[in-house]
Every structure is written in C-alpha cells, then in structure tokens.
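Student: Could you take me through one part of this model up close? I'd like to start from a single residue and work outward to whatever surrounds it.

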Amino acid sequence: MIQRYVYGSPLPTEAVVRDLPVLPGDPECLTVRKDASSISFSMPLEPDDMIFGLGETVRGINKRGHVYRSWNSDDIMHTEDRQSLYSSHNFIVISGKKRTLGLFLDDPGEVIWDLGDTSMEEIVITSLNGDLSLYVITGDSPRSVSRELRGLIGKSYLPPFWAFGYIQSRWGYGSAEDMDSVVHEHRSRGIPIDGVCLDIDYMDQYRDFTWHPEKIPDLAGLVARMRRENIHLIPIIDAGIPDDPEDRACKEGLEHDAFVKREDGTLFRAAVWPGLCFFTDYLNSRARAWFGSLYRPLLEAGVDGFWNDMNEPSLFYSMEGINLAYSVADELRGKNLRVDDNWKLQGTFAAVANNRDDYKSFYHDMDGLRVRHDKVHNLYGYGMTRATMDGMHAFDPDHRFLLFSRSSYIGAHRYGGLWQGDNRSWWAHLKLNLQMLPGLNMCGFLFTGADLGGFGSDTTEDLLIRWLELGIFTPLMRNHSALHTREQEVYRFKSWENMKNIITVRYALLPYLYSEYLKAVHHDDLFFRALAFDYPDDEIACQTEDQVMLGNECMIAPVYVQNTSGRVVYLPEDMLLVRLRAYNDMDLVPMKKGHHWVDARLHEALLFIRRGCCIPFASGKIESTVDIPDHPLYLIGWDPDEQGYTLCEDDGISYLEGTERTLKPSDPALKDSVIIRGDVQ
Ligand code: GLC
C-alpha cells in the first residue's frame, strides 16, 4: 500500500507516473518537525532493522550507520566518508522483524539521510527545501515494497540487446584510427565485443555535437565500417555548450533562449572542458526538445548509442569564483605563508569547482515556474537524459537506443541507464560496484555497471580479471579508464586469453541475463537483490554484504580481495556452484546450504544456481551479440524435478512485445544440457 503526504509546495519532478490522493496530517510511523527552512522526518530504529536502497551511494548494501546526502556531485573520491555521488535516489526500505516500510521522498533539492549515524537508534531525514511529496509504502517484504515503488515510478529503461555486449572505452580514444585499432585487437584475437566508446577527444575542441575534422573525417563512413564488424560506436555528450557564437549548438541555443540565466536575466556561464559554457535548461520542455534535436546529425550518421556526462552539472569554475580565488592569491603573493594562509590559498582554489554559490546563482524556467537551481539541483542530469531519449525517439520511434548517464534522479530510470562514475582501480571499488547494484535496482536503475578495471589510478592485471568476473553479470559491461592511467584493454595484458575466456562466459550467459532483465522490467522487479530480500528469516543471509542474488535462479559471489585463490561463500540454501573459465570450460559442484571455502583461481568466475532451478546458456563460440540467435541453447542446473526455465525473449531492438516459453531439460532440442538430479554426497 502507498500513502502520499505533501509538505509545502512540491516542485514538478515527474518522478512518479501515478497520481495518488494526498492524505491529511502526518504518517503515523514518523515524527515530523518543521522549521522556517527545512522539514525533518524521524523514526526510532529497532536493533534488527536493516536499511536498503538509496541507489548510487558508498558503503554497504545495508545503509544503516552513515549520513548520506542527496546532492548530485562530481566527486572522484568514492571513499567511505562520502555523503554524495553523482546521483540522488531518494528511496529506502527499512526492514526488521517488526515491520517493512518504504519511504520515497520526491524532493529534487538537498536531502540529508541520517540513517543511524548521529544516534544509532534513530533515522532522521531532513529536506532542506521543505517542499516535497512523501510516499510511505508498506508491504510484507522488502521486495514487494520495492515493486510497489517501481509501479509508482514507471517502467525501467529497456536498451537494445546489443548494449548487453562487451564495451571497450577509454578517455583518450578520439580518432577513427583509435576505433580501428581497438576493434582489430579484439577481433583478431577473438575477444568478443559489441561497442566502443568515443570520449571527449573525438569532438572538435571539446564541443558537443561536433566531430574532429582530421581525427574523424567521415563519421558516417566510420560508423558503417564499424557496423560491418558488428560494432556500435558510442560517443560521449557533455552538459556544457561553449560560449562561442561560432559554435552551432551555442548559436541555436541562444536563438531558442534555451540556456539557464541568473537572477538579472543575464546568461549563467561556468567552465567545463571547452572553457566557459552555457547550460541548457533541461527543466524546460521547449529547451529539452531543442537539445534532443541536436543529436540528429549523429543519429543520421548511424550512431545508436550515447553516454551523457558532466550533468550534475559539473562546474570547473565560474568567473566570479575564480576571480575571488585570484584575489586571495594576489593578497598572499610573496608572503611567507604560515599554515593558516597556506590552507586558505589551497582551500580557496579547491572550492572553486562545483561551488554551492554558483548553484545558487542561476534559475530554471520549469514551463512557467521560475526556480532557483539549488532547489531542483538533482533533476539536472535526469532532464538531460530525458532530452536525449526524447530526441532519439523523435528521430526513430520504433527502435531502442543505448543511453547511459552519469547523473540521475528517480524518473530518469525510464529514459536511460547509468554508470557508477569515476571509480578507481582499487579492490575496494570492485566490492563497492557489487554493493551498489541492489540499491540501484530498487530505485528503477536496472541498466547499470561500473568502469571495469577502475577509471582512475593504474589497474593491475589481477584486478582487471577479477573485475571482469563481476562485470560479466552486470547489464552494462564496460571497461573504461582515465587518460594517463595504465592502458587497460584486455589485449594489453599477458593473460589476455584468460580475460577473453571470461568475456566469452558473458556471451554464453546472455540468454539468461537478458531474459531476467526483461522480466525485471516487465514486472517492476529486481535483477539484483540483497540476500535479505530472498531469505528474510536467515540472519546470516541478511547480514551478507558481499554476495547478491542475480535474477530468480542465481546468486553471485565475486572474489574482490587481491592475492586470494578463492573466498568464503555463504549458501542460504543448497546451490549448484558453476565455476566458469570459458563458455565451454566449467565445473559443476552441487553444494549444501552453509558456509564454504570456494576455490576460484584468478581466471575462474563463480556463479551459484539455486537447487530446483536451471538456466539457459548459449552454446559455441560467440564474438558479438548478433551471433547469439544462431547458437542453440542448453540448460545447466540442479533440477531433479524438471522445473525447467521460463525464457523471456523479444527481438532485441523494437518495442514489440516479447514472448515467454518454458525450457525443460528433457526437451530433445536442448540435448547438450547438463542437469544434476541427485543429492550431494
Ligand atoms: C568524466 C567522466 C569520464 C570521462 C571523462 C572525460 O570524468 O566521468 O568517464 O572519461 O570525464 O570525458
């Protein structure tokens, strides 16, 4: 059941798709405190309460015991102390023996989630806007509460099937030669791949919707050549439009009056990659429609996937901010700086980027409603995602496109996916990648993944291979790294063949992964879940922070510690261990419920199938998603009662409805199936 309460005058976010009646008063479960500038909701916590959700945030699957802050931020240090990352997903589920309760705050401004941090026995959620819709969701389990929320916020984005293939990316790729070389290195070694990303260097002077005349002299020709190799090019688009009347997007944006303005009506400017930029008012439907139309030349050239970036929006500096910093520098120039002065100098420059004063200095025109940016800050990336997807639909309403964004808010999950931002080549971030997945799914973001191998810092060979062993399960499977870091394409490493073999596993698993993804979209369900969602009465399962359920049949437990040849895995029920080395090389070990040390050498990925289930695999060697329909399926599982598997399929590209069929191990067409029928000795 969902109950809606309204405080102040909520801003139109279009996060929800159902209009629920507003209840009078306050929810019984919460204590509400209002003051002039904020409103807070508090609730005591029981000792056994767990808290799930909040989408893209640091720390564990159970979010209890930390303060999080909804404030979309370009922050490259995803360390434990961080309160905000690039997105804000204002939904939690509190689950304990006494109750299961969901809270969704539809509030696009700053929200502070003190989840048992100040007091370990209390939650305090504070909205600094004080204008919001609060949805209180009750249900008999965290999964049913999450489904209720998903019914409220609308169906999750469905990308084309090819987008589930392996994607190679790197900041630095910018020319046709770069593309040719990446594709050649993969194809000549038989490393499966479906997409290559173009980062900012493909643009002419970092200007959106341009491509460099020398580096990419013939974009349509390049896209067509790539397509013959079954490769999709995925260019990046950034939020800032350069302040330069020679620039087409700038000229048109000025003509369309599409950029955000200051209080006095002058245009707001701040620097990003191309220097000083204007920022499209994505919260205005006219400006959104115009921005969406800018993708057309790239779409006409055959591009069918994009990643949108810097859309928190990230601001390197405003003239006001940097001038202030210069004046501090001038004041201190030539002095013998004591510690305070030194901190002042450094702190002033550090505070220039993404400065709160800048976010307070411009306004949106929300179709007639003038709103200061900080009140709706968390909607900016959502608006960009929506503008892009609407533009792509206007270009071709019948086909699905790939789109993923860095910044988002609930609602954006209907228009695109997201990647988890600028992580680092740290083992801790491999674990964080896993731990973010269930919360993101709860908030509707099913198409997600992290930069495999890590974006910042130098990766190591073992880290990349272990990370690929998690990446084979995430809907977005992209290897991406930053400029000046160690090159981390699979073929750069001695053990590239092992890595290639792991990627072949991804392709063999695609029939299952895609089928489970479709089911999660159609039934407002979760592709990844905390174990607590499936085994609420099992205390160990509830406290398991490094394993997640994948679809209805499986559990994953990746190795995320260096120099280990396996890990301890908790099986909440009997499961079949599938130790995967390549699409055609795996061990099957039925295992009893309980704790186990499970061997997993560097080139072995772990998958666990529930007893009583089986899952489909595509047979044979596959080099890209187009090959999959030609490869017969077979089943693997521990399925003594012939339950079989319900396969959900569609054409992978249109919006035509899909079909379901049940695959039974005894079906002669599935003759290569490997089914364990007996008990464990
Ligand atoms: C941002 C993005 C990153 C990209 C870089 C250059 O840091 O998050 O993925 O490579 O910008 O465009």
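Tutor: Sure, let's start at Leu-550, keeping in mind that this is a predicted model. Setting aside neighbours within four places in sequence, Leu-550 is in contact with Phe-473, Tyr-512, Leu-513, Phe-527, Phe-528, Met-555, Ile-556 and Leu-607. That list is a handy map, and we'll come back to several of its names.

Now zoom out a bit. Leu-550 belongs to the largest nonpolar core, which has 205 residues. Along with Phe-91, Ile-92, Phe-291 and Leu-607, Leu-550 is among the residues with the most contacts inside this core. As general background, nonpolar side chains in soluble globular proteins tend to be buried together. Helix α13, residues 496–522, supplies the largest share of the core, 16 residues. There's also a second, separate core of 17 residues, and Leu-531, Val-559, Tyr-570 and Met-575 are included in that one.

Next, the sheet. It is open, has 6 strands with antiparallel pairing, and reads β25-β26-β27-β32-β29-β30 in order. The edges are β25 (528–530) and β30 (585–591); each has a single partner strand, so one side of each is left without a neighbour in the sheet. On average, neighbouring strands here are turned by 30° against each other, ignoring direction.

Look at the pairing between β27 and β32. Strand β27 covers residues 554–556 and strand β32 covers 605–610; they run antiparallel and are joined by 3 bridges. Within this pair, Met-555 stands opposite Phe-608 in β32. Met-555 should ring a bell, as it's one of the contacts of Leu-550.

So how does the helix sit relative to all this? α13 lies across β26 (548–550), β27, β29 (575–582) and β32. Its direction is at about 135° to that of β29. Go back to the Leu-550 list with that in mind: Tyr-512 and Leu-513 are contacts of Leu-550, and the range of α13 is 496–522. On the sheet side, the list includes Ile-556, where β27 spans 554–556, and Leu-607, where β32 spans 605–610. Phe-528 is on the list too, and the edge strand β25 is 528–530.

To put the region together: Leu-550 is one of the residues with the most contacts in the largest nonpolar core, helix α13 gives that core its largest share, and α13 lies across four strands, β26, β27, β29 and β32.

Technical notes: Residues numbered from 1 in each chain as written. Predicted model: local features only at pLDDT ≥ 70, side-chain atom pairs only at ≥ 80, totals over all residues. Heavy atoms only, no water. Core = buried A, V, L, I, M, F, W, Y, C linked by side-chain atoms within 4.5 Å. Buried < 20%, exposed > 50% of the residue type's maximum accessible area, 1.4 Å probe, protein only. Helix = DSSP H or I, 4+ residues; strand = E, 2+ residues; numbered from the N terminus. Contact = heavy atoms within 4.5 Å. Pairing = 2+ DSSP bridges. Axes fitted to C-alpha atoms, helices over the stretch in contact; angles between N-to-C directions.
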